Amino acid sequence: MTAGGGNRPTVVVTRRLPAPVEERLAQEFAARLSGDDHPFTNAELQAGLRSADALLPTVSDRISAEVLAVEPLRARILANFGVGFNHIDVTAAKVRGLVVTNTPEVLTDDTADDAIMLMLMVARRGGEGERHVRSGAWTGWRPTHMLGTRVSGKTLGLIGMGRIGRAVARRAHHGFGMRVIFHDPFPPPADVVADVAAEAKATVEDVLREADFVSLHSPATPATHHLMNARRIALMKPTAFLINTARGDIVDEAALVTALKGKQIAGAALDVYEKEPQVTPDLLTMEQVVLLPHLGSATHETRVAMGMRAIDNLKAFFEGGAPRDRVA
Ligand code: DGY
């Protein structure tokens, strides 16, 4: 079966995708697009796996072992729209003979921009200030009004120094004159570290003790689940801020709430949540917290690029080649 031929592979797409991506999918495949963008149930995911050659899921679809136990299984590839694939049980996918691909690189810059935006918003009270103006409470400029924390020149601590962590480091160091420290069990090459004058730390704890801003850039794995637990959050300075654009369950949200309430840290800025899209209700009430709805890759440019990358992976697979972004 080849893409573009009369007998085109059938691809089930779980969510609405940007128009150029849906147009190309419709040209190259027998694409079953999402009309109404509703989240698929397990039964709908299984119906896709039973009836199509490929599934194109997104990071909000939970492709569990239970879902993958479907019989009969027709699909041969899960072409994920997103770089993170912790929502897919990759072990179960392998057992079922499914290839899994993701969409790295194309979202690096936008996600790094998102982390910088969160850092500035939480330090300079951007969200709080906007709420203040919109509510009509603002009475005018005054020297002591809504003072925040300076970002420029401070110490940024990166937990994870992969593609996105490095892009954040470049912005922070070259743009804001920040000192960069990091911990990564797989550190980047020396020239990358030198470019941002970064200092590698032997442990996560070493980063937490020194950083004014801690930004998380680890993948979500069993080893990083609740990496930021009560004990580690307590190591942060009382003046420090926690930024998370990686995955929600890297942070123990209940422990974060306790730390914020007890003023153990100055604030937090989150793009991702432990039980997404649910947000721990206490966080919604805290002015020292910035909350965004998983916007890391949310630009027109990147979402189109992610879709094209997923299509390229599907094409390579159905043409008998090796998909560029195979993760399983
Ligand atoms: C990803 O790709 O994993 C992001 O979280 C969503 O763009």
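Author: Buried means under 20% relative accessible area, exposed means over 50%, and partly exposed lies in between (1.4 Å probe, protein chains only). This is a predicted model, in which local features need pLDDT of at least 70 and side-chain atom pairs count only at pLDDT 80 or more, while totals for chains, interfaces and linings use all residues. Residues are numbered from 1 along each chain as its sequence is written, and side-chain values use heavy atoms, with hydrogens and water left out.

Reader: Why is Glu210 called partly exposed?

Author: Glu210 has 29% relative accessibility. Partly exposed is the class between under 20% and over 50%, so Glu210 counts as partly exposed.

Reader: What makes Lys201 count as buried or exposed?

Author: The relative accessibility of Lys201 is 19%. The limit for buried is under 20%, so Lys201 counts as buried.

Reader: Why is the contact of Glu210 and Lys201 called a salt bridge?

Author: A salt bridge is a side-chain nitrogen of Lys or Arg within 4 Å of a carboxyl oxygen of Asp or Glu. The side chains of Glu210 and Lys201 meet at 2.9 Å, N to O, so the pair fits the definition. The structure holds 26 salt bridges.

Reader: How do you know that Arg131 and Glu287 link distant parts of the chain?

Author: Their side chains meet in a salt bridge of 2.6 Å, N to O. Arg131 is in helix 6 (residues 126-134), Glu287 is in the loop between helix 12 (281-284) and strand 12 (289-291), and 156 residues separate the two. Helices (H or I, at least four residues) and strands (E, at least two) are DSSP runs, numbered from the N terminus. Arg131, at 40% relative accessibility, counts as partly exposed, and Glu287, with 42%, is partly exposed too.

Reader: What makes a set of residues a nonpolar core?

Author: The members are buried Ala, Val, Leu, Ile, Met, Phe, Trp, Tyr and Cys residues joined through side-chain atoms within 4.5 Å. The largest such core has 47 residues, and Leu25, Leu56 and Leu314 have the most contacts inside it. Helix 5 (residues 108-123) gives the most to this core, with 7 residues.

Reader: How do you know how far to trust the coordinates?

Author: pLDDT is the predictor's confidence in each residue, from 0 to 100. The mean pLDDT of the chain is 97, and 98% of its residues reach 70 or more. Over residues 1-5 the pLDDT is below 50. Where pLDDT is low, the predicted coordinates should not be read in detail.

Definitions and conventions: Contact = heavy atoms within 4.5 Å.
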